[in-house]
Amino acid sequence: MKKFLFVIAIAASSVAANAQTAIESSKFFDNWYFGIGGGVSAPLSCDPMFPLNGMGDITVGKRFSPIFALEADGSALFGSHTANGVRWGMNANGNFNAFRALSVGVNGVTNLSNLFGGYKGSPRAVELSLVTGVSWLHCFTPKESDKANNYLGAKTGFAIDFNLGSTKASTIRVEPSVMWNLSRPGNSYGNLAFNRQGAQLSLGVKYIFNFKTSNGTHHFKTYDVGAMQSEIARLNAELAKKPKEVIKEVPVEKIVEKPVEKIVEKTIVKETQLAPVVIFQLGKSTIDASQKPSVAMIAKYMQNHPTSKVLINGYASPEGNPELNQKLSDARAKAVYDMLVNVYKISPSRLTHKGLGVTDELFDENDWNRVAVFIEQSK
């Protein structure tokens with residue numbers, strides 16, 4: 001019990017140490033991997049241990065977080081073996097079969113390095129994971145009365161991953177494990193059980209390719225929540241220093257003429273600059289993860305003020321072609337509009353977006369003028 005509490009305490013301290021770091025959200029087709037390899041196996045009962053049998057393995061998996069992955073795994077044990085007077089690897093007619101056993105299953109992979117040490121934004125050079133799973137197991141035995149030879153299997157073991165290169169696109173995995181025959185303990189039918197008489201000890205080595213994700217890497221990316229909040233606070237302070245550009249509340253008179261008995265109707269629209277801004281990278285109109293909280297703040301404001309209507313103005317910094325910058329400012333305003341509508345379900349009737357081309361007046365730094373700003377409109 002004390003050991004269990006000690007492990008929980010370590011895990012809790014690890015989570016606390018990384019509380020200011022958040023994982024970027026990923027799409028369904030992100031963080032998939034494919035592996036192929038081989039190894040050797042022998043009976044866990046050591047009866048006899050030699051000669052060892054060859055093994056082949058194919059794996060397809062997806063990482064749902066830096067800690068947990070789910071994978072489909074297929075293994076084949078090759079060669080023949082004699083135990084208790086029975087030669088495994090022979091079919092019921094006495095002919096030699098290259099396969100000793102086949103196993104197809106689903107494994108859960110828990111990354112112990114990230115669980116207890118925290119995820120640092122990219123995979124470590126060496127990581128240790130726990131592998132557990134269930135499988136369908138088919139054994140080739142020379143018994144006329146046992147033609148089906150289909151059993152419930154399980155797998156327990158460890159995965160030692162050596163992540164290669166700066167991109168960590170490739171991994172060499174060394175995997176010592178035990179393949180259990182749960183429904184045939186002691187080489188005879190019985191209740192489900194983990195029994196070494198019906199198990200194989202294996203040592204496998206496989207090459208794993210980690211497919212590229214939508215964030216441009218081959219793994220999960222993180223961002224510093226504290227740094228992001230500090231950046232937002234700094235930008236708000238910069239806005240506060242420019243009262244002539246950032247107007248808290250400026251009544252703007254817009255005259256709308258309606259031909260009703262020669263009466264001119266005057267409508268006064270009041271515009272208010274809201275504090276959050278969304279900053280874009282040079283030449284980009286996609287919203288970085290570090291800027292998404294600003295959009296979330298506007299969505300929360302509009303949810304709390306159901307009658308509010310917001311104009312989204314997009315800007316580009318002066319570098320480059322003016323025509324392209326106009327299109328870029330349109331795309332930036334549209335990207336923010338789409339996130340508010342599609343992600344936060346804000347009614348399109350409450351939003352307007354417009355690209356205003358280049359500007360060098362919002363901020364002294366050109367990099368900060370690649371923005372989308374929010375204007376609340378009310379009559």
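Q: Is aspartate 338 buried, exposed or partly exposed, and what is its relative accessible area?
A: Let's start by remembering that this is a predicted model. Buried means under 20% relative accessible area and exposed means over 50%, with partly exposed in between. Aspartate 338 falls in that middle class, so the answer is partly exposed, with a relative accessible area of 26%.

Q: Which residue meets aspartate 338 in a salt bridge?
A: Look along helix α5, where aspartate 338 has a partner four residues away, about one turn of the helix. That partner is partly exposed, with a relative accessible area of 34%. The two side chains meet at 2.8 Å, N to O, and the partner is lysine 334.

Q: How far does helix α5 reach from its first C-alpha to its last?
A: Helix α5 covers residues 322-342, which gives it 21 residues. At 1.5 Å a residue, the expected span is 30 Å. The helix in the model comes close to that expectation, reaching 30 Å.

Q: Which residue caps the N-terminal end of α5?
A: The cap uses a side-chain oxygen that lies 2.7 Å from the backbone nitrogen of glutamate 323. The residue that supplies this oxygen is asparagine 321.

Q: Which residue forms a salt bridge with aspartate 57?
A: In this pair, the closest N and O atoms are 2.7 Å apart. Aspartate 57 lies in strand β3 and its partner in strand β11, so the pair ties together parts that are 149 residues apart in sequence. Both residues are buried. The partner is lysine 206.

Q: Which strand holds lysine 155, the residue that meets glutamate 175 in a salt bridge?
A: The side chains of glutamate 175 and lysine 155 meet at 2.6 Å, N to O. This pair links distant parts of the chain, 20 residues apart, with glutamate 175 in strand β10. Both residues are buried. Lysine 155 sits in strand β9.

Q: Which residues are linked in a network of salt bridges?
A: The pairs of aspartate 57 with lysine 206 and of glutamate 175 with lysine 155 give us a way in. These four residues are among the members of the network. The full list is Asp57, Glu71, Asp73, Lys155, Asp161, Arg173, Glu175 and Lys206.

Q: Is asparagine 210 buried or exposed?
A: Asparagine 210 lies in strand β11. Leaving aside neighbours within four places in sequence, its contacts include Trp32, Tyr33, Arg63 and His218. Its relative accessible area is 3%, and buried means under 20%, so asparagine 210 is buried.

Q: What is the area of the nonpolar surface patch that includes Ile36?
A: Isoleucine 36 is found in strand β2 and counts as partly exposed, at 46% relative accessibility. Strands β2, β3 and β11 each supply at least two residues of the patch. Together with Phe34, Ile58, Val60, Tyr207, Phe209 and Phe211, Ile36 makes a patch of about 580 Å².

Q: What distance separates the C-alpha atoms of arginine 100 and cysteine 139?
A: Arginine 100 lies in strand β7 and counts as buried, at 4% relative accessibility. Along the chain, arginine 100 and cysteine 139 are 39 residues apart. In space, their C-alpha atoms are separated by 6.3 Å.

Q: What percentage of the residues of the protein count as buried?
A: Stepping back to the whole protein, there are five helices and 17 strands. The protein has 379 residues, and the share that counts as buried is 42%.

Notes: Residues numbered from 1 in each chain as written. Predicted model: local features only at pLDDT ≥ 70, side-chain atom pairs only at ≥ 80, totals over all residues. Heavy atoms only, no water. Buried < 20%, exposed > 50% of the residue type's maximum accessible area, 1.4 Å probe, protein only. Patch = residues over 30% accessible without salt bridge, like charges linked within 9 Å, V, L, I, M, F, W, Y side chains within 5 Å. Areas by Shrake-Rupley, 256 points an atom, 1.4 Å probe, with all protein chains shown as cover. Expected span 1.5 Å × (residues − 1). Polar contact = N/O pair within 3.5 Å; in protein donor to acceptor, adjacent residues only side chain to side chain. Contact = heavy atoms within 4.5 Å.
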